[in-house]
Amino acid sequence: MEVHGKIMKCGFQSDVPVGNTLIDMYAKCGSISEARELFDTMQQRDAVSWTAMIAGYAMHGCGDEAVKLFKQMEHSGLSPDHVTFVCVLSACCHAGLVQEGYQYFNCMSNCYHITPSIEHYSCMVDILGRAGHLDEAEDFINRMPIKPDATVWSSLLGACRIHNNIQLGEYVAGRIFELDPKSAAPYVLLSNIFAAAGKWGGIEKVRKMMKDRCIEKTPGCSWIEINNQMHAFITGHGSHQE
């Protein structure tokens, strides 16, 4: 609010790029209603304005609002770009809107002649996986016209974790190990899948794999400011005994 107030005092409240930045700021700070209020009061909006607001709704799990706003953007005469589609697909993912996700994914190329990128494919896999359509998500990956990367497979592995699918999870993790051999994330996810199912032997197997391949999990870290000095707290580290 202080930043917004200074911008208004300086007379930049009607500047579209500044307004777009403020929408993004409010959304990322958790003030989605303030972001929408600012969006509604903007005298002029460009494609970035609409995208920023759609992204804000996606960030807060407001899928229906994001889809509604996307339709309003189309009716306004502005064309969505590849970033806008990433945002609306992300919103569909968190809201479980599978059919809408398919609709917008197909609309990219059919209506706006935008070639889907790896990000859009990853979003679709996430949409299908989170909704429990794991086989359909795997089939979607296998039918991709471009080679799926570790990000795409990781979306499916995350879905295997949500729905406790060990068999598919092991297969998908193996694909990620090949594509991104130094990343600890798939090992952690696979271990969590085994843990959720009570498969302790599977956990030991993953730990042995990590040890044999010299894979180390990045420890969790948080920061706090005390008396104008930043202090880092690392999991398992004894540097701050207090």
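**A walk through a helical chain**

Y121 is buried: its relative accessible area is 8%, and a residue counts as buried under 20%. The model shown here is a predicted one. Y121 makes a good starting point, and we will return to its ring partner below.

Take the whole chain next. The protein chain has 13 helices and 2 strands. It runs to 242 residues, and 40% of them count as buried. Its accessible surface comes to about 13800 Å². Carbon and sulfur atoms account for 51% of that surface. Now look at contacts between residues at least 6 apart in sequence. Of these, 53% join residues at least 24 apart.

Move inside. The largest nonpolar core holds 71 residues. The members that touch the most others are I23, M53, I54, F85, Y104, M124 and L156. Helix α6, residues 82-95, gives the most to this core, with 8 residues. I23 deserves a second look. Beyond its neighbours within four places in sequence, I23 is in contact with A35, L38, F39, M42, S49, A52 and M53. M53 is itself among the core members that touch the most others.

I23 leads us to helix α2. This helix covers residues 16-28, which makes 13 residues. From first C-alpha to last, α2 reaches 18 Å, close to the 18 Å expected at 1.5 Å a residue. Its buried residues are V16, G19, N20, L22, I23, Y26 and A27. Viewed down the axis of α2, these buried residues fall within an arc of 160°, so they line one face of the helix. An α-helix has 3.6 residues a turn, so residues three or four places apart point the same way. On the other side of α2, P17, T21 and K28 are exposed.

What follows α2? The helix is followed by G30, whose phi is positive, near 95°. S31 lies in the loop between α2 and α3, the latter being residues 32-41. S31 counts as partly exposed because its relative accessible area is 23%. H60 is 29 residues from S31 along the chain, and their C-alpha atoms are separated by 9.7 Å.

Now for the aromatic rings. A pair of such rings is described by the distance of the centres and the angle of the planes. The whole structure contains 9 aromatic pairs. In one of them, Y121 meets F140. Their ring centres are 5.8 Å apart and their planes stand at 45°, so the pair is tilted. Y121 is in helix α8, residues 118-130, and F140 is in helix α9, residues 134-142. The pair links distant parts of the chain, 19 residues apart. F140 is buried like its partner, with a relative accessible area of 7%, against 8% for Y121.

F177 and Y187 give another pair. Here the centres are 4.1 Å apart and the planes meet at 15°, so the rings are stacked. F177 lies in helix α11, residues 166-179, and Y187 in helix α12, so the pair ties together parts that are 10 residues apart in sequence. F177 is buried, with a relative accessible area of 11%. Y187 is buried too, at 1%. Elsewhere, F70, F85, Y104 and Y112 form one aromatic cluster. F85 and Y104 also appear among the core members that touch the most others.

Stay with α11. At 1.5 Å a residue, its 14 residues should span 20 Å, and its end C-alpha atoms are indeed 20 Å apart. Which residues of α11 are buried? They are I166, L168, G169, V172, A173, I176 and F177. These buried residues pack against α9, α10, α12 and α13.

Helix α12 covers residues 185-196 and includes S191. S191 counts as buried because its relative accessible area is 17%, and the cut-off is 20%. Apart from its neighbours within four places in sequence, S191 is in contact with I203 and V206.

Finish with two backbone details. Most residues other than glycine have a negative phi. N164 has a positive phi instead, near 55°. It sits in the loop between α10 and α11. At 42% relative accessibility, N164 counts as partly exposed. C214 also has a positive phi, about 60°, although it is not a glycine. Its place is in the loop between α13 and β1, where β1 is 221-226. At 67% relative accessibility, C214 counts as exposed.

Key: Residues numbered from 1 in each chain as written. Predicted model: local features only at pLDDT ≥ 70, side-chain atom pairs only at ≥ 80, totals over all residues. Heavy atoms only, no water. Core = buried A, V, L, I, M, F, W, Y, C linked by side-chain atoms within 4.5 Å. Buried < 20%, exposed > 50% of the residue type's maximum accessible area, 1.4 Å probe, protein only. Helix = DSSP H or I, 4+ residues; strand = E, 2+ residues; numbered from the N terminus. Contact = heavy atoms within 4.5 Å. Expected span 1.5 Å × (residues − 1). Arc of directions from axis to C-beta. Areas by Shrake-Rupley, 256 points an atom, 1.4 Å probe, with all protein chains shown as cover. Phe/Tyr/Trp six-rings, centres within 6.5 Å; stacked < 30°, edge-to-face > 60°.
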